[in-house]
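Colleague: I have the model open. Can you walk me through the basics?
Modeller: Sure, here it is.
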Amino acid sequence: MLTKRPRGTNDFLPDDTIKWQWLEEKIRDLCSDFGYGEIRTPTFEHTELFIRGVGETTDIVEKEMYTFLDKGERSITLRPEGTASVVRAFLEHKIYSKAQPTKMYYVGPMYRYDRPQAGRYRQFHQFGVEAFGSIDPAIDAEVITLAMELLNRLGLDQLALHINSVGCPECRPIHKQELKKYLEDSLDKLCDTCRQRYEKNPLRIFDCKSKECQELIKDAPSVTSCLCEECRQHFDQVCNILNSLGVSYEVDEGLVRGLDYYTRTTFEILVEGIGAQSAICGGGRYDKLVEQCGGPDIPGIGFAIGLERLLMTLDIHGIKPDIPKSKKFFMAYVSDETKIEATKLVNELRQNRLAADMDYMGRSLKAQLKYADKLDATYTLILGEEELQKGKVTLRDMLKGEQHEVMLENLIDYCKKLIK
Ligand code: AMP
């Protein structure tokens, strides 16, 4: 127990975190190019927020939340997704009273009690954006383009963008009626979950993975076929803007997304090569969510990308992070006296923003040089008794195998020039 991490979680060791840092930097650059500012919200919230914000009939709320009573007997939930928290903060800080739209992004861990498998974890990370305050189809296109741009910048090209419109509170009830009528005589063929969905939220039957339900639903009236005039126009405009931006997509009338809060535009980006978990990004418009969470009638749109799945995809596609190799110094010494001087020099190098390290294991000089190789040092500085007396140090270029002496008093300037 003590040496085993909880099921569905990951440790990211330094070789991994280097990739995470690289990815996060790409995300930050991208968001800055698109005018989105970072928001950091707590990793836990009052349970009520997710029940209200994600939806009572969703898998997340029904089955997957990490919920507990804290010591003050308050029901707390580890956030299963980011949107509800961002909406809460948008309201709490009255951000809606500032110039709109509000464009924000987040990167952080999410928690879902699901059956772990490759690409599905109990703690995973999402990058998401939310844009509040505008119903303009152009912002739908902007949000979709932002997601596609990230994947393109990372070098992924075999992407399938699926989009759809799930209508609004005007047209959804009409669709609901038609769908229920269509399924009325086949209720016994639906799985148990979908029979419940039939009563509470039949639209979600489109999300069901069961073959029988899929077979049944495939010829059902789609929500897209019931769109009201305004929703139809909105969707057409989103498509037109994407066309003019040269973004390829496929209209997928079965794409309703698992969360209750979506209205109008929904979209997913799928990638090849990661098997069953092929959706890497999911998002959509949520024009009634802010109001549903107790705020004014303000529309919004956003998406979330799973970062574990994204890194996995990059790996499978053979895309390596283009992380520039930083140059490092290793300071080797031969005795207690030279060690004191070496410690001072390492400290001085570091104070001058030069990456430097030394041995703390009592290694012999030969072993120190071997260790420097292991650390991938670009240069090794060797401080022997004689060198110390002469006020010099030997600098060895580890790649070329060449070495020469440098005066200690010039060392910092010399090293600075070397790494330029
Ligand atoms: P969702 O919030 O369910 O729309 O998911 C958005 C994205 O987050 C998905 O496309 C996945 O890339 C990722 N994701 C969702 N659930 C998990 C999970 N349990 N483990 C890893 N990634 C996930």
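Modeller: Of the 420 residues of the chain, 48% are buried, that is, under 20% relative accessible area with a 1.4 Å probe and protein chains only. This is a predicted model, where local features need pLDDT of at least 70, side-chain atom pairs need pLDDT 80 or more, and totals for chains, interfaces and linings use all residues. Residues are numbered from 1 along each chain as its sequence is written, and side-chain values use heavy atoms, without hydrogens and water.
Colleague: How many helices and strands are in the chain?
Modeller: The chain has 15 helices and 16 strands, taken as DSSP runs numbered from the N terminus: H or I over at least four residues for helices, E over at least two for strands.
Colleague: Compact globule or more spread out?
Modeller: More spread out, because the radius of gyration is 28 Å, well over the 22 Å from the globule rule for 420 residues. The radius is over C-alpha atoms, and the rule is 2.2 Å times the number of residues to the power 0.38. The C-alpha box along the principal axes is roughly 95 × 50 × 40 Å.
Colleague: Switching to helix 15, which residues are buried there?
Modeller: In helix 15 (residues 411–418) they are Leu411, Ile412 and Cys415. They cover an arc of only 95° around the axis, so they sit on the same side of helix 15; the arc is that of the directions from the helix axis to the C-beta atoms.
Colleague: What covers them?
Modeller: The cover includes helix 12 (336–351) and strand 12 (328–333), along with strand 14 (379–383), strand 15 (392–397) and strand 16 (403–407); contact means heavy atoms within 4.5 Å.

Technical notes. Buried means under 20% relative accessible area, exposed over 50%, partly exposed in between (1.4 Å probe, protein chains only).
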